[in-house]
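Work through the exercises below on charged side chains. Try each task before reading its solution.

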Amino acid sequence: MADSLQPLWLESEALPVPTIVIDPELLVAGTVATVRLRLPATAAHLTLKFWVNDLQTRSLLNGPHWLDTWVPTDQGLLETQMPVSIPPEALEIQLVAITVEPTTQRESHWTTLDCWVTHPEPLFDLPLLGDGDEFEVLL
């Protein structure tokens, strides 16, 4: 039982930095995208803290979430998935993840991924200059 009181990750070792994986084509305003988060397979007893920020308003959109359920990948990594709702008005979001050792609460360096959000409809209806057939370029 004494082993269960020991930290699960050696204090002399830096915690692994998580990897964030998302298909940019899935980042469409008003939809839900699945974010995959990965750690090395040796990090089975670590937890991830994950959240999403709106880069335009600097506000928290989603989270923070504590993720600790892992599935091994073919590449020898551990992966977890998180659905993320993309607000209809979002222009650019930031995905943030950090590894946490549960026993000591030590944290890794942050991983951030800034992503542009695609909009199925134009956000603004801007009129064309002139009659729409020609543009004047001023130098």
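**Exercise 1.** Classify Glu79 as buried or exposed, then find its partners.

Solution. Glu79 has 12% relative accessibility, so Glu79 counts as buried (buried is under 20% relative accessible area, exposed over 50%, partly exposed in between; 1.4 Å probe, protein chains only). Next, the partners. Arg38 forms a salt bridge with Glu79, with the closest N and O atoms 2.6 Å apart (a salt bridge is a side-chain nitrogen of Lys or Arg within 4 Å of a carboxyl oxygen of Asp or Glu). Arg36 also meets Glu79 in a salt bridge, at 3.4 Å, N to O.

This is a predicted model: local features need pLDDT of at least 70, side-chain atom pairs count only at pLDDT 80 or more, and totals for chains, interfaces and linings use all residues. Residues are numbered from 1 along each chain as its sequence is written, and side-chain values use heavy atoms, with hydrogens and water left out.

**Exercise 2.** Classify the two arginines, Arg38 and Arg36.

Solution. Arg38 is buried, at 19% relative accessible area. Arg36 is partly exposed, at 30% relative accessibility.

**Exercise 3.** State which strands the Arg36–Glu79 salt bridge ties together.

Solution. Start with the pair: Glu79 and Arg36 form a salt bridge. Glu79 lies in strand S6 (residues 77-85) and Arg36 in strand S2 (residues 32-40), so the pair ties together parts 43 residues apart in sequence (strands are DSSP runs of E, at least two residues, numbered from the N terminus).

Key
Helix = DSSP H or I, 4+ residues; strand = E, 2+ residues; numbered from the N terminus.
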